[in-house]
Amino acid sequence: MTDLTHLRPQAEALVLKLKGKGLMMTAAESCTGGLVCALITEIPGSSTVLDRGFVTYSNEAKMEMLGVPAAVLGRVGAVSEETARAMAEGALSHSRADVSVSITGIAGPGGGSAEKPVGLVHFAAAGKGKQTRHLACQFGDRGRDGIRALSAATALELLSNLID
């Protein structure tokens, strides 16, 4: 696994920002497998800002734990704007958090296609009383660890921007 210590300052800044605003967060993670929550929990005092995390790797988990509609998954698949938005909004409604971030993508080395290549990752950030934000990134085939690390960093940044 890639060393993620370079992301610690970014996670620490997010924890401080959440504390300063009195907000709790949650994360719905697929291709990152819990990296965002792991980064947050590296920071002392993170228990005051992290409510819970959802690792929803399978479509069934996305439906059961987050309420992602089967019709969305059937129509556009797990790696899509619609699914990322549904994951972020589902995480918010299935937790006590004020803000959420979701990540769903193709970390490789296999699983990609011409339409959805390895390195394609969709993100969403949702907040109570806020418009859900979406971001799609094509990181390219940088290796599984590289894609996952870039995805975690992007999710932290997206959530930080949401609460600004």
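This is a short exchange about salt bridges, strands and a pocket in a predicted model.

Modeller: Local features need pLDDT of at least 70 and side-chain atom pairs 80 or more, while totals for chains, interfaces and linings use all residues. Residues are numbered from 1 along each chain as its sequence is written, and side-chain values use heavy atoms, without hydrogens and water.

Colleague: Why is the pair of Lys17 and Asp164 called a salt bridge?

Modeller: The rule asks for a side-chain nitrogen of Lys or Arg within 4 Å of a carboxyl oxygen of Asp or Glu. In this pair the closest N and O atoms are 2.6 Å apart. Therefore Lys17 and Asp164 qualify. By this rule the count comes to five salt bridges.

Colleague: What parts of the chain does the pair of Lys17 and Asp164 link?

Modeller: Distant ones, 147 residues apart. Lys17 sits in helix H1 (residues 8-21), and Asp164 in the segment after helix H6 (144-163). Helices here are DSSP runs of H or I with at least four residues, strands are runs of E with at least two, and both are numbered from the N terminus.

Colleague: What makes Asp164 exposed and Lys17 partly exposed?

Modeller: Buried means under 20% relative accessible area, exposed over 50%, and partly exposed in between, with a 1.4 Å probe and protein chains only. Asp164 has 59%, so Asp164 is exposed. Lys17 has 23%, so Lys17 is partly exposed.

Colleague: How do you know that Asp51, Arg52 and Arg96 are linked in a network?

Modeller: Asp51 takes part in two of the pairs. Asp51 meets Arg52 at 2.7 Å, N to O. Asp51 also pairs with Arg96, at 3.0 Å between the closest N and O atoms. Asp51 lies in strand S2, and Arg96 lies 45 residues away, in the loop between helix H5 (81-93) and strand S3 (99-105).

Colleague: Which of these three residues is buried?

Modeller: Asp51, at 15% relative accessibility. Arg52 is partly exposed at 33%, and Arg96 is exposed at 57%.

Colleague: Why are strands S1 and S2 called paired?

Modeller: Pairing needs at least two DSSP bridges between two strands. S1 (residues 25-29) and S2 (residues 50-55) have five, so they pair, and they run parallel. Thr26 has Arg52 as its bridge partner in S2.

Colleague: What makes the lining of the largest pocket six nonpolar, six polar and two charged?

Modeller: The classes do: Ala, Val, Leu, Ile, Met, Phe, Trp, Tyr, Cys and Pro count as nonpolar, Asp, Glu, Lys and Arg as charged, and the others, Gly among them, as polar.
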